[in-house]
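Here's a quick look at the enclosed empty space in this protein. Have the structure open while you read.

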Amino acid sequence: MSQVLQRQFKDIDYELSSRIDARSFLAQQPLGVFESSSEQGRPLLTLRVAETQEDYNSAAALVNRRFGWRGYGNDHKLPTNGTHTTFIAIQNDMVIGTITLSVDDQHGLALDNEFRSEIDSFRSAPGAKVCELTKFAFEADVPDQHNLAILFHTVFLYGFNAHECTDLFIGVNPRHRRFYQAMLGFMPIGDLKTNSVVNAPAQLMWLNVSEIRASIERHREGARSRSLYSLFLSPSEEQMVLSNLNLPLRSLAHNTATPFSNSGI
């Protein structure tokens, strides 16, 4: 990995602090709960959907602590309605990571505040269902690509199979743009704007959900890259996660009705 990309990894607050074995998910956990076995004496890590007020309070406290440290404010609230699903990563009984998936409805997405016209161009495609990743924070500054791969793969599985998401967006500080392009294949859309919530520059990034599946399959067939897709779950592990979420594995037709095209990684 280049020194530039290593620095970008360290500059992102989205990494889990201990390496876990992606091949050790436990089957038949309670709904929304996934666990990894510890590796080389490192603590057990649990990834699950936030359900209780305590879960949300802990996730919000983490977001405000990490966002506040970066100068993005420390009074952020996590939405709890049916169009938002918050995932939490737990270690030693503490929430050390969180990310929220937001699904489009009549009220739109948070990113519409700055990027309505850009996202509307995707909404207008037949059969489109736009979604966004938001409130993304982790305690650790040390990157762990296996943990990131498991987290993103799980969110993808949930977003597509539970909500039929076709287009995934995230707003990032421009210094993190290279990370999302290189590691997950996100594509920058439009010009930089100011995110009014955190009062910082923001770049809209987009990923065609069908390209996520295509990238997964390419790497399962032997494609080599430094992206997170090389570390995504196997078919049996995928099915294990879906079983824990009580979700079927939906087939995915390539979505060509979009104004842009991912090249895939």
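A cavity here is a set of grid points where a 1.4 Å probe fits but cannot get out, and a lining residue has an atom within 4 Å of one of those points. Keep in mind that this is a predicted model.

With that in hand, the search of the whole structure turns up 3 cavities of 30 Å³ or more. The two described below are the largest cavity, at about 80 Å³, and the second largest, at about 70 Å³.

Start with the largest cavity. Its lining is made up of L133, F152, V155, F156, L168, L184, F186, L207, I212, Y229 and F232. Sorted by class, that's 11 nonpolar residues, with no polar and no charged ones. Helix α4, spanning residues 145-163, gives the most to this lining.

Now for the second largest cavity. L101, C131, V155, F156, G159, F160, C165, L168, V209 and I212 line this one. Helix α4 again has the largest share of the lining, and α4 and α6 (209-220) each supply at least two residues. By class, the second lining splits into 9 nonpolar and 1 polar, with no charged residues. Glycine counts as polar in this scheme, so G159, a member of this lining, is the polar entry.

Here are the two side by side:

| Cavity | Volume | Residues from α4 | Lining by class |
|---|---|---|---|
| Largest | about 80 Å³ | 3 residues | 11 nonpolar, no polar, no charged |
| Second largest | about 70 Å³ | 4 residues | 9 nonpolar, 1 polar, no charged |

Some names turn up in both linings, among them V155, F156, L168 and I212.

Technical notes: Residues numbered from 1 in each chain as written. Predicted model: local features only at pLDDT ≥ 70, side-chain atom pairs only at ≥ 80, totals over all residues. Heavy atoms only, no water. 1 Å grid on protein atoms, 1.4 Å probe; cavity = no way out; pocket = protein on both sides within 12 Å on 5 of 7 lines; lining within 4 Å. Points joined across faces, edges and corners; volume = space filled by probe spheres on them.
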